[in-house]
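Reader: I have just opened this one and would like to talk it through before I set anything up. Could you take me through the overall layout and then some of the detail?

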Amino acid sequence: MRTLDLRSDTVTRPTDAMREAIAKAEVGDDVYGEDPTVNALQARAAALLGKEAALFVPSGSMGNQASLRTLTRPGDVVLAGEHAHILRYEGGAPSALWGVHVKTIGDGGLFDADDVRRAIGPDDAHVAPTTVLTVENTHNFAGGRVFALDALREAANAARDCGLGLHLDGARLFNAVVATGVSASDWAAPFDSVTFCLSKGLGAPVGSVVCGDAARIRAVHRARKLLGGAMRQAGLLAAAGLHALDHHVERLADDHANARRLADGLTALGIRVDPAPETNMVMFEVDSAAAFARGLAARSVLINPIAPGRFRAVTHLDVTAEDIEDLLGRVGEIVREIRS
Ligand SMILES: *Cc1c(COP(=O)(O)O)cnc(C)c1O
């Protein structure tokens, strides 16, 4: 039985065309600023996001943390939606590296302007200063949900009015772009720094990009050095990123359609899907979670549990519509097996 791997959109392997782009890449030493392919990727990313400059980094976590470094001082409070990646999945970096704490606001990853205003303490010598608002879009743990653009703008304005810096963790920004038709530059406009991943739904093997104004990106560049993230002939990786931006953005719509197909099929099998997928993630709940997980393993299906009784399936470049039908057939067997 072919393994169906829906653990994450990070499990994709480079396509033959992407490997060809990698093989042909012109490279140089990027520490000297001499890698033409890295420079091209950075220029392309900055233009796409409507920012002055961009910096290629090895991971989204490094992009987020290098950005936070430039926006905070030790003792600061950083606001983020619940279950934010920067808080849960980056090794405790905000406190371990920069001495800042993260305070979560809103519900399930999304929030509004009032949540932002309420979270900011008075400007008083006794109160920890809140200096940054971060937004995750799409929101991973919330099930790939897209932040409503109006709510995002209002929250960003509220933060600005209170003097906060703004960072967008756009690991899956292009999923939000394709799901809504709102451009990457419109999504990025309110923010000082924006990270997006090439290695998620876009299907590149490695890499993320941070975008911002020129001064911000100079500061992020310093922070990348501090974190050991300077790379040499990184054009090999940047070539994959450029190829992904050329060929793998519009096709994210296929992943979103496959997620809806999967959600509909699971619902038809009596499985609770919540929320309805907006992008490439399907969150669902089953009663007999242990038996369900054993059934998945026995049928070579890889789907991660993310909370007791709750699973997250992620569609991506290496999952076709036929794979979804195949998967639903296997899940149907598991459901019948558990019932009998
Ligand atoms: C994957 C991800 C990142 C970055 O992860 P890396 O594995 O460090 O590239 C950041 N934010 C979100 C929401 C993510 O899903």
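Author: Let us begin with the domains, keeping in mind that this is a predicted model. The C-alpha centres of domain 1 and domain 2 lie 29 Å apart, and the contact between them takes 18 residues from domain 1 and 13 residues from domain 2.

Reader: Where do the bounds of domain 1 and domain 2 fall?

Author: The domain assignment places domain 1 at 14–247 and domain 2 at 251–339.

Reader: And how many helices and strands does the chain have?

Author: There are 14 helices and 13 strands in the chain. Its radius of gyration is 21 Å, close to the 20 Å that the globule rule gives for 340 residues, so the chain is as compact as a globular protein of that length. Along the principal axes, the C-alpha trace spans about 65 × 55 × 35 Å.

Reader: What share of the residues counts as buried, and what does the chain expose?

Author: Of the 340 residues, 55% count as buried, while the chain exposes about 14,400 Å², with carbon and sulfur atoms supplying 49% of that area. As for contacts with a separation of 6 or more, 75% of them are accounted for by residues 24 or more positions apart.

Reader: Changing topic to the sheet, in what order do the seven strands come?

Author: The seven strands form an open sheet with mixed pairing, and the order is β2-β8-β7-β6-β5-β3-β4. At the edges stand β2 (53–57) and β4 (101–105), and each has a single partner strand, so one side of each is left without a neighbour in the sheet. From one strand to the next, the twist averages 20°.

Reader: Do me a close-up of β6 and β7: how many bridges join them, and which residue of β7 does D169 stand opposite?

Author: Strand β6 (residues 165–170) and strand β7 (residues 193–197) run parallel and are joined by four bridges. D169 stands opposite T195 in β7.

Reader: Now a single residue: where is S67, and is S67 buried or exposed?

Author: S67 sits in helix α3, which covers residues 60–71. The relative accessibility of S67 is 0%, and because anything under 20% falls in the buried class, S67 counts as buried.

Reader: Which residues does S67 touch, then?

Author: Leaving aside residues up to four places away in sequence, S67 touches H167, S193, T195, V210 and V220. T195 is thus a link back to the sheet, as T195 in β7 is also the residue that D169 stands opposite.

Definitions and conventions:
Residues numbered from 1 in each chain as written. Predicted model: local features only at pLDDT ≥ 70, side-chain atom pairs only at ≥ 80, totals over all residues. Heavy atoms only, no water. Pairing = 2+ DSSP bridges. Helix = DSSP H or I, 4+ residues; strand = E, 2+ residues; numbered from the N terminus. Axes fitted to C-alpha atoms, helices over the stretch in contact; angles between N-to-C directions. Rg over C-alpha atoms; globule rule 2.2 N^0.38 Å. Buried < 20%, exposed > 50% of the residue type's maximum accessible area, 1.4 Å probe, protein only. Contact = heavy atoms within 4.5 Å. Areas by Shrake-Rupley, 256 points an atom, 1.4 Å probe, with all protein chains shown as cover. Domains from an automatic or database assignment.
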